[in-house]
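Thanks for asking me to look this one over. Below are my notes, in numbered points, so that you can check each against the coordinates.

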Amino acid sequence: MPILATTIASVADRIIAAARYVQEHNAVASNLVESFKLTKGNDRVIVPNVGQFTMTSLVDGQDIVEEQSLGLSTVTLTAAEVGGKVIITDKSVRENGTTDIYRMIGRQFGDAGTRRMDTDVIALYGNLNGGTTYGAAAATFTIGNFAAAIAKGRGKTTQPFKATYALQHPHAVYQIVRSASVVGANTARPTNINDEDERKMLRNFFRHSFNGCDLFEDGNITVDSSADAIGVIAQRDALYKLMSKEWTSEKQRDASRRAHEIVYSADYGVGELDDAKGAPLVYDATAPSD
């Protein structure tokens, strides 16, 4: 869809500035996972994962005959390009005196990039824990259920996990906020996000903390036809985001069209780092009465 002007020296900067603001403010799911950076000259990152040793009873003076296995496995992380473009004609800018087109485009690009990264991560939730869900369809997300999900993760017979965050649809999170008092002294902002910039980005979506697990809300989570939503409860390193190239804006003049082409793109990948360190969190997400 056409839209730019002949005076475009700072257009890319203006667009990307607006896009970055929106992206950083709204990227909830993608900022809760383990982050990696793909360095120049590489096309993948290989992350090792090891199993558990088992200690055996010994007999005085006899050799230890049972050898331990490292149980070594690896996860390969890769990235792929994602992006979009808009054609902005000189005429559209010349005749538009009421709207800052550059800021508008930046906002649209930022929203689209955020939504894509968020939904890419959210799409991974249903397969965690081998697809075995915590919670249940049509169940209300109460503080008791939240506590039970935390305990189930910690109490697994094999490969337990200590949940550091949970994420659900705002309609489901409402039930906890409605029925429970905020617990603990560190609930004014996320406590498990180590990076200060990420803490600033996510605090608007932080709603509750219980037993060391911070609860966030994300409106990009889909509510199905039965009014249920699949969120997640996990350790930070259950899922990953691999960035090869951050979101950037580029411009190119097309003189024959009397326009400029603006391209907004990134190169990244998301996936499971450790399936056992999280689980899908399924609860009712019926819109509350106001």
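1. Let me start with a residue in the interior of this predicted model. Y134 has a relative accessible area of 4%, under the 20% limit, so the residue counts as buried. The aromatic partner of Y134 is F161, which is buried too, at 2% relative accessibility. Their ring centres are 6.4 Å apart and the planes meet at 20°, so this is a stacked pair. Y134 belongs to strand β5 (residues 134-135), while F161 sits in the loop between α4 (143-154) and β6; with their positions 27 residues apart, the pair links distant parts of the chain.

2. The stacked pair has company, as the model holds 7 aromatic pairs. In one of them, F141 and F146, the ring centres are 5.8 Å apart and the planes stand at 70°, so the geometry is edge-to-face. Both of these phenylalanines, F141 and F146, are buried. Elsewhere, F109, W247, Y264 and Y268 are joined by ring pairs into a cluster.

3. Now for the overall picture. The protein has 290 residues, and 43% of them count as buried. Its secondary structure consists of 6 helices and 12 strands. If you take the contacts with a separation of 6 or more, 82% are between residues 24 or more positions apart. The accessible surface is about 15,600 Å², with carbon and sulfur atoms contributing 48% of that area.

4. H169 deserves a visit in your viewer. This histidine is placed in the loop between β6 (165-168) and α5 (170-179). Is H169 buried or exposed? With a relative accessible area of 8%, H169 is buried. Its side chain reaches the backbone nitrogen of H171 at 3.0 Å. Leaving aside residues up to four places away in sequence, H169 touches D218, G219, I221, V223, A229 and A285.

5. The charged side chains come next: there are 6 salt bridges in total. In one of them R253 meets D90, with the closest N and O atoms 2.8 Å apart. This pair ties together distant parts of the chain, since R253 is in strand β10 (residues 239-254) and D90 is in helix α2 (residues 90-94), 163 residues apart. What is the exposure of each partner? R253 is partly exposed, at 35% relative accessible area, whereas D90 is buried, at 7%.

6. A salt bridge within one helix joins D120 to R116, where the closest N and O atoms are 3.0 Å apart. Both residues lie in helix α3 (residues 101-122), and their spacing of 4 residues is about one turn of the helix. R116 is partly exposed, with a relative accessible area of 39%.

7. K277 and D237 form another salt bridge, at 2.9 Å from N to O. Here the link runs between two loops, with K277 between β11 (259-272) and β12 (278-284) and D237 between β9 and β10; the two residues are 40 residues apart. K277 is partly exposed, with a relative accessible area of 23%, and D237 is also partly exposed, at 23%. D274 joins K277 and D237 in a network of salt bridges.

8. The loop between β2 (45-49) and β3 (73-77) is worth a look for its surface, and V50 is found there. V50 has a relative accessible area of 55%, over the 50% limit, so the residue is exposed. Together with F53, M55, L70 and L72, V50 makes a nonpolar surface patch of about 590 Å². T54 is placed in the loop between β2 and β3 as well, and is partly exposed, at 48% relative accessible area. The C-alpha atoms of T54 and E66 are 9.7 Å apart, with their positions 12 residues apart along the chain.

9. Finally, a couple of backbone angles to check. Most residues other than glycine have a negative phi. Q159, however, has a positive phi, near 50°. Q159 is found in the loop between α4 and β6 and is partly exposed, at 46% relative accessibility. A227 also has a positive phi, near 70°, and lies in the loop between β8 (213-217) and β9 (228-234).

Terms used
Residues numbered from 1 in each chain as written. Predicted model: local features only at pLDDT ≥ 70, side-chain atom pairs only at ≥ 80, totals over all residues. Heavy atoms only, no water. Buried < 20%, exposed > 50% of the residue type's maximum accessible area, 1.4 Å probe, protein only. Polar contact = N/O pair within 3.5 Å; in protein donor to acceptor, adjacent residues only side chain to side chain. Contact = heavy atoms within 4.5 Å. Areas by Shrake-Rupley, 256 points an atom, 1.4 Å probe, with all protein chains shown as cover. Patch = residues over 30% accessible without salt bridge, like charges linked within 9 Å, V, L, I, M, F, W, Y side chains within 5 Å. Salt bridge = Lys/Arg side-chain N within 4 Å of Asp/Glu carboxyl O. Phe/Tyr/Trp six-rings, centres within 6.5 Å; stacked < 30°, edge-to-face > 60°.
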